[in-house]
Amino acid sequence: MPATRSIEVLATAADLFHAAAEEFVRLARTAIGAQGRFTVALAGGSTPKALYSLLASNYADFVWNRVFLFFGDERHVPPTDADSNYRMVEESLLGKIKPAIPAENVFRVAAENPDAAVAAADYEAQLRRFFEIKPGEFPRFDLILLGMGPDGHTASLFPDSAALEEQSRLVVANWVAKFNTHRITFTFPVLNRAAEVMFMVSGGDKGDMVHQVLEGKNTPPLPSQRVQPSDGRLLWMLDEAAAAKLAR
Ligand code: 6PG
């Protein structure tokens, strides 16, 4: 079944994050009600910090012990590094709700490993164990949060990078030439297996790329255009600034 695509445009960034928090909690309540747990892969970068802070402040008493947190990608740095997505999530969310979310519910990428490929393989093994994946199967997250870079990348799937072609691994170490570093990232088969993918994009600096990704025809398609859950919902949450170039 092709992905259904919804685009929600909120007046301001604050409205965007409130709407995203409500969607996160709505999905979590539904998943916990249906299967006793909620599995979510968090986005990195700076945009989602505000969502994570809002979840910590407005939903501190949520049933976090039924929530299982993963990372859609991670920089190849220790968890104490300023660039670490884990550190960002620890500071904006985990550190504020720690009594409510057991450590065993948080699946961190061991990105301190000097060998990024080993870190990726280890994370893939964690996913296979948790989701009880057989060879050839892919985990189905209840929700995968994503951001989009000004070049159209998402997670750490950058234009012209090798990971774009990966169709069998769940997690790979992707060499990102422009940053001269590896990143550890989910692959498209994992992103496209999700029950729901929610992009959050804020700010006018991304307006042109939002138009390109949502309304443009690109050959090859931009990485963010290739996120098309085969049996799930695709939701783009934008503020007016990011949506300004859309024909709509
Ligand atoms: C990362 C993210 C990346 C991010 C975009 C947007 O690790 O940086 O996974 O894909 O979502 O680069 O980043 P900003 O939200 O900082 O603009």
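Two strands are taken to pair if DSSP finds at least two bridges between them. In this predicted model, strand S1 and strand S9, which spans residues 233-239, meet that condition, pairing in the parallel sense over 7 bridges. Within this pairing, Ser6 has Leu235 of S9 as its bridge partner.

The pair belongs to an open sheet of 6 strands, arranged in the order S1-S9-S8-S5-S2-S3 and joined by parallel pairing. Strand S1 (4-10) and strand S3 (67-71) form the edges of the sheet, each of them pairing on one side only. On average, and with direction ignored, neighbouring strands of this sheet are turned by 20 degrees against each other.

Two helices may be described in relation to these strands. Helix H3, comprising residues 85-97, lies across strand S2 (38-42) and S3, and runs at about 150 degrees to S3. Helix H6, comprising residues 207-215, packs on the sheet, where it touches S1, strand S8 (196-201) and S9, and its direction makes about 155 degrees with that of S9.

The ligand is surrounded by 15 residues, of which Ser46, Thr47, Arg75, Ala155 and Lys206 come nearest. Polar side-chain atoms approach oxygen atoms of the ligand at several residues: for Ser46 the separation is 2.6 Å, for Asp73 a polar side-chain atom lies 2.7 Å from a ligand oxygen, and for Asn85 the corresponding distance is 2.9 Å. Taken alone, the ligand exposes 410 Å², and the protein buries 88% of that area.

Note on methods. Residues numbered from 1 in each chain as written. Predicted model: local features only at pLDDT ≥ 70, side-chain atom pairs only at ≥ 80, totals over all residues. Heavy atoms only, no water. Helix = DSSP H or I, 4+ residues; strand = E, 2+ residues; numbered from the N terminus. Axes fitted to C-alpha atoms, helices over the stretch in contact; angles between N-to-C directions. Contact = heavy atoms within 4.5 Å. Near = heavy atom within 4 Å. Polar contact = N/O pair within 3.5 Å; in protein donor to acceptor, adjacent residues only side chain to side chain. Areas by Shrake-Rupley, 256 points an atom, 1.4 Å probe, with all protein chains shown as cover.
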